[in-house]
Amino acid sequence: MKAWQSRPLDAVYPIVYLDCIHTKVREGAVRVKAVYLALGINLAGEKEILGLWIAQSEGAKFWLQVVTELRNRGVQDIFIACVDGLKGFPEAIEAVFPHTSVQLCIVHMVRHSLNYVSWKRRAEVAADLKRIYQSSTADEAELRLGEFETKWDDDYLPIGQSWRRNWARITPFFDFPPEIRKVIYTTNAIESVNMSLRKITKNRGSLPSDEALLKLFYLALRNISKKWTMPIRDWKVALTRFTISYEGRLPQ
């Protein structure tokens, strides 16, 4: 497991997804631990787990350790990092990989927004949010956001405020055509991994130690990744676009 976690990585990952899963560990008392996973899409369009880490601290300090570890293991460039609003992560990745675009997961933004909405109005609010993130351009999306605020601010002010506050992290994917947007505006690729991990921890209650937790996840990830035999959908089209958009950053 330690050899796997410290193995050399590729020089370039066009996309890296980061997400978190919470699990209980018995340390005298039972504590909830946050385990973070990094899933890279390599130049062949194949998924690859880059590592897993138990958070020992909150925010930028922890993320700086993770990102520095990826750099020390050979990663020289990441084009897009897709995250679920991880506190301190954007600052950390920009310190180590200054040219990386940080993209907030739109699916998580929508879910978070709908937490404020009553059941009977959810479908209508979700449809109006969809008009924002399915816009052709960032400018059009901002117009749609303005329309959303005019319609819904009286009832659900925090939704518009949240989208405005995170706007710079929501909009990078508008620079890309639809086939790449599908790949980067959601962390679905890593969420399916987390779902599999939750299944194996659900019936265990809590684990005896951090090491037991990491071993269990390592073995599970090894089994999960055996099924990854194909590139992700539309990868050739996406790679062609990356070659143009990130000219000079792709290895020859």
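**Getting started.** Helices (H or I, at least four residues) and strands (E, at least two) are DSSP runs numbered from the N terminus. Everything in these legends comes from a predicted model, where local features need pLDDT of at least 70 and side-chain atom pairs pLDDT 80 or more, while totals for chains, interfaces and linings use all residues. Residues are numbered from 1 along each chain as its sequence is written, and side-chain values use heavy atoms, with hydrogens and water left out.

**View 1. Strand 1 meets strand 2 in a hairpin.** Let us begin where the chain turns back. Strand 1 (12-27) and strand 2 (29-41) pair in the antiparallel sense, with 13 bridges between them; strands count as paired when DSSP finds at least two bridges. As a guide to the register, look for R26, which stands opposite V30 in strand 2. The hairpin has one residue between its strands, and G28 takes a positive phi near 75° there.

**View 2. Strand 2 continues into a second hairpin, with strand 3.** Here strand 2 pairs with strand 3 (47-54), again in the antiparallel sense, this time over seven bridges. Two partnerships are handy landmarks: I41 bridges to K47 in strand 3, and A38 bridges to G51 in strand 3. Five residues lie between the strands of this hairpin, where G45 takes a positive phi near 80°.

**View 3. E48 sits in strand 3.** Is E48 buried or exposed? Its relative accessibility is 19%, so E48 counts as buried (buried is under 20% relative accessible area, exposed over 50% and partly exposed in between, using a 1.4 Å probe and protein chains only). Its neighbours in the strand are worth a look as well: strand 3 is mostly covered, with seven of its eight residues buried. Now find V16, which is 32 residues away from E48 in sequence, with a C-alpha to C-alpha distance of 9.4 Å in space.

**View 4. Helix 2 has a buried side.** Start with the residues that are tucked away: F62, W63, V66, V67 and L70 of helix 2 are buried. They spread over an arc of only 125° around the axis, so they share the same side of helix 2; the arc is taken from the directions of the C-beta atoms, as seen from the helix axis. Turn your attention to the other side of helix 2, and you will find K61, Q65 and N72 exposed.

**View 5. A cavity lies among nonneighbouring parts of the chain, with V16 and I93 in its lining.** How many cavities of 30 Å³ or more does a search of the whole structure find? There is one, and the largest cavity has a volume of about 40 Å³. Its lining is made up of V16, L18, V67, L70, I78, F89 and I93. Strand 1, helix 2 (60-72) and helix 3 (89-96) are the elements that give two or more residues to this lining. On a 1 Å grid over the protein atoms alone, a cavity is a set of points where a 1.4 Å probe fits but cannot get out, a pocket is an open set with protein on both sides within 12 Å along at least five of seven lines, and lining residues have an atom within 4 Å of a point. Points are joined across faces, edges and corners, and the volume is the space filled by probe spheres set on them.

**View 6. The second largest pocket is about 180 Å³ in volume.** Which residues line the second largest pocket? They are D84, G85, L104, C105, H108, M109, H112, S162, R165 and N166. Helix 4 (106-114) and helix 6 (138-165) each supply at least two of the lining residues. Helix 4 gives the most, with three residues.

**View 7. E94 lies in helix 3.** With a relative accessible area of 30%, E94 is partly exposed. For a sense of scale, look across to E211: E94 and E211 are 117 residues apart along the chain, and 30 Å separates their C-alpha atoms.

**View 8. Helix 11 lines up its buried residues on one face.** Helix 11 covers residues 235-245, and its buried residues are W235, A238 and F242. Looking down the axis of helix 11, these buried residues fall within an arc of 60°, so they line one face of the helix. On the other side of helix 11, K236 and I244 are exposed.
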